[in-house]
Amino acid sequence: MSESKNSWNSDFWNLLNKLRGKIEVDSLKNYILTLVFLRHISDNKNTNTGLNITIPADCDFQSILKLCYEERTSIGNEINKRLNSIARENPIFDGVINFIDFNSASVLGKDHDSDIILGNIILLIEDYSNRHASSDNTRNTIWVDTFEHVNQSFIENSVKYSAGTATPNEIGILIAKLIGFKKDNSVKSIYDPVCGTGSLLFSVFKEGGDDVTIYGETRIPENIFVAKLTFLFHGITDYNLENRDVLNFPSFLDVSMDKSNHIQTQLKKFDYVVSNPPFNVHNWSTDPHSDMFDRWNSTTGIPPTNSGDFAFLLHIVKSLKENGVAACVVSNGVLFRGGSERNIRKYLLESGFIKGIIGLPAKLLYGTGIPSSIIILENKPDFKRDSIFIIDASKEYLSERFINKLMPENINHIADVWENGKEENEFSRIVPYSEIAENDFNFNLPRYLTTIDDFEVPEGSTLVELSNVLTSVPRVRTDNESGKLVKISDLLNDSFLYTIAIDSLAEDIVSRVFNKLTAPALLISKRFNKLKPSFIDASLDYPVFISPDIDAFTINNDIVDLSYLIQQLSSDYVTKQVDSFSLGTVMPNLRKQDFMRIKVVIPRFDTQGSLILQRALTEGARIQSDKGKIETFQLQATIDTLLKERMNDFQWKLHDIRNGELLNLKGQIVTLEMFADANPELFNNIVDQDSNDTVHSSIKDIYTSVQKLAVILSDLYDTSENASIKENIDVLVFIKEFCDNQLKSNGNLFEIDCTDIDKIKIDFDIKELIISVYKKDLQRVFTNIFDNAIKHGGFKGSNQVNKIKMALSLDSKEEMVTIAVLNNGKPSKINAMDYFADGGKAGSTSNSGKGGHIVKVLTERNNGKVFQNNYAIDEANGYTFEVGVEFKYKLSYEL
């Protein structure tokens, strides 16, 4: 970041702190942008900015600055007069420079408050100019840079911005490359039907030259204002931006007369269409079954009323000229949701409109953390397409704090693969229509890119789809029964101990959504990408009722042995296939028909028993080897002693051994291994003639055993009696209640931003997020974090409005929830090691230094992780200090 941007950042955040409480921060944006634009045209009215500017006398920025110096009242009214005069002289500015009411009492307050707020903004701009706009060349660029920086800051930090309002510049650059929008001598038109603040249009426009006409529309007037400002700042006036509802009342139409002299009205056609529409718009049409422009009908399929995603796609297709190209950002649900959306995917595919799909990383878009994709569309009626090109670029990103970003190397890699049609293993592929049709027009990318071709099938075995060895058990639902319930949590995860004991199941009144099972069956979880294959010996005398998230199957015992099949279902190559077939991110779901397509290795039936025995013996030998290594390190006596202690002490001791003694032991073994690597002649002596083990390989084996011992201790820790009293806590409810209590007990000492709670609920469509912890421990963890912020953040006696943000994020693959507590207190130089150390101090005002250590101990006691970060004042939206925890989560819909 340049020195001038750093300076603006610092001044900008100081201004926001000063005005907090006087005005809603989001409301400041339009006032700042307008005044920065006024300064820009005032400083550059006689330079080549691409605009022919006429500024009437006493209407430039200096005249407004003079009002501040003279301490005039009703500044807002005076600014309005000057801006309206400029708009009259420059029609291109009308509705832009005078869009905002600088005399709005509802936003700025009464005269005195309004004058203070506007005066602060004007003086900030003047001070910034005095320090950095020292030459004509600087003045020509500095306000353009400032506009982009202010706009970007509000987009990144405001909860008002949804995924479709603004689009990161990197996505625009990528889209320009994907649709071939580049600088040449051709005259072309580009259109965004949901242009928001114009960011995507502008990003793509920059890549394609000057001879381009821009079209865009959006429902929100404020977004049109920002979009027009964006283009005017860059000297671009050839734009057509309208404030309309594109799905019901599109703006851009072509009117003509047919042969019978009847007026025909059609949608205007464009060379290029780009769009990042809002996801899952509900009630998008007053009458979805009737469209005067015939964008959706019985042939195309009619989008569902609860999601407008395909309405936008069908509008885009209808807006393309012949040979036109489009790119649309969509949520990944668009690729696989069923019902009418499946029919529209079929239409778009078979009509040849879809050229390809590029999967993007999660946390890339503003306002949402969910992963998305870009669908590339073409209108080439004479081109007979029989395949599409897909790219899974979900891992092409750099992670920065709470977001992911596409870097230039990521963009270039994706573009190169796309432009040259390169097929890269599990990254890109040409997929024939026939294969997509076999998958019922499901476009979920992993199912076409995941391969087990490199898996070697043992001699005498074959890869067989599960549909050839399993038969689905019909669902039987009953009313008003009570019985033994099988939930996902009751399924087992052990390839040897897989039989569920019916006596161990809870008995309760059965909900109608449960299915009655009266015969032995293989049970499979449809959720979480974990099959948890289990067997239940149900019968007419001993029926059970299974959750709707569990599928039941009978096995063809003439082909496969139950024990052998469960071992295969627990293998890595099957897990890889499960991941490719699963739908969704936070709550992945495996459909029964997709599960039946998974392939497993099936040897001759008469050899399966010996293979099971062989694996059992291998596992047994490994366990015996681990026991021998435990005895070598004389840790068994320690474990035996611990088992005799009280359960509470037992938990803590296990925790200390796992994270203390074993951690130190692993460090010593690593040091020894490094020394062995550096001196092979000393460590390559064979110590076991039968196995040819050397001293060096034995060291590696010992390290592996210690690692396994740590896992064993973790399991003991998790299954101790005290562990069983952990509570299932909805962390979203807990955090909200905790923050409310903090505000009650601390008065007006600080503000707390808990908006991430609702954001996560909306983004991931979840009602509850469950973690299994000791509630008292969780209470103490966050109480200590808040107490540290209050004591050491300089909150007391501070003139600024002190802020705390509860930042939440989910990692669905690892099933981890991250809860970070950020504050805007005084910056700290303490590092994570010192903060969490026993006796670590947060600063000169610290007391015992135990707070951070308590946070660490209590979090790890509950199998969580901790982290801590420091930020410069302009680096993390004004927040300077962050402490966070991570826990495994589970979702409450396990019925």
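Which residues form a nonpolar patch on the surface? Leu253, Val255, Met257 and Ile263 do, with about 400 Å² of accessible area together. Keep in mind that this is a predicted model, where local features need pLDDT of at least 70, side-chain atom pairs count only at pLDDT 80 or more, and totals for chains, interfaces and linings use all residues. Numbering starts from 1 along each chain as its sequence is written, and side-chain values use heavy atoms, with hydrogens and water left out.

**The surface patch**
- Patch members have over 30% relative accessible area and no salt bridge (a side-chain nitrogen of Lys or Arg within 4 Å of a carboxyl oxygen of Asp or Glu), and nonpolar side chains are joined within 5 Å.
- Areas come from the Shrake-Rupley method with a 1.4 Å probe, and only the protein chains shown count as cover.
- Strand S4 (residues 253–257) gives the most, three residues; strands are DSSP E runs of at least two residues, helices H or I runs of at least four, numbered from the N terminus.
- Ile263 sits in strand S5 (residues 263–267) and counts as exposed (over 50%) because its relative accessibility is 62%.

**The cores**
- The largest nonpolar core (buried Ala, Val, Leu, Ile, Met, Phe, Trp, Tyr and Cys joined through side-chain atoms within 4.5 Å) has 130 residues, and Ile175, Ile179, Ile358, Ile374, Phe782 and Met806 touch the most other members.
- Helix H2 (residues 25–43) supplies the largest share of this core, nine residues.
- A second, separate core of 43 residues includes Trp284 and Ile375.

**Helix H16**
- All eight of the eight residues in H16 (residues 562–569) are buried (under 20% relative accessible area), among them Tyr564 and Gln567.
- At its start, a side-chain oxygen of Asp561 comes within 2.8 Å of the backbone nitrogen of Ser563.

Notes:
Buried means under 20% relative accessible area, exposed over 50%, partly exposed in between (1.4 Å probe, protein chains only). Patches are made of residues with over 30% relative accessible area and no salt bridge: like charges are joined within 9 Å, nonpolar side chains (Val, Leu, Ile, Met, Phe, Trp, Tyr) within 5 Å. A polar contact is a pair of N or O atoms within 3.5 Å; within protein, one must be able to donate a hydrogen and the other to accept it, and residues adjacent in sequence count only if both atoms are side-chain atoms.
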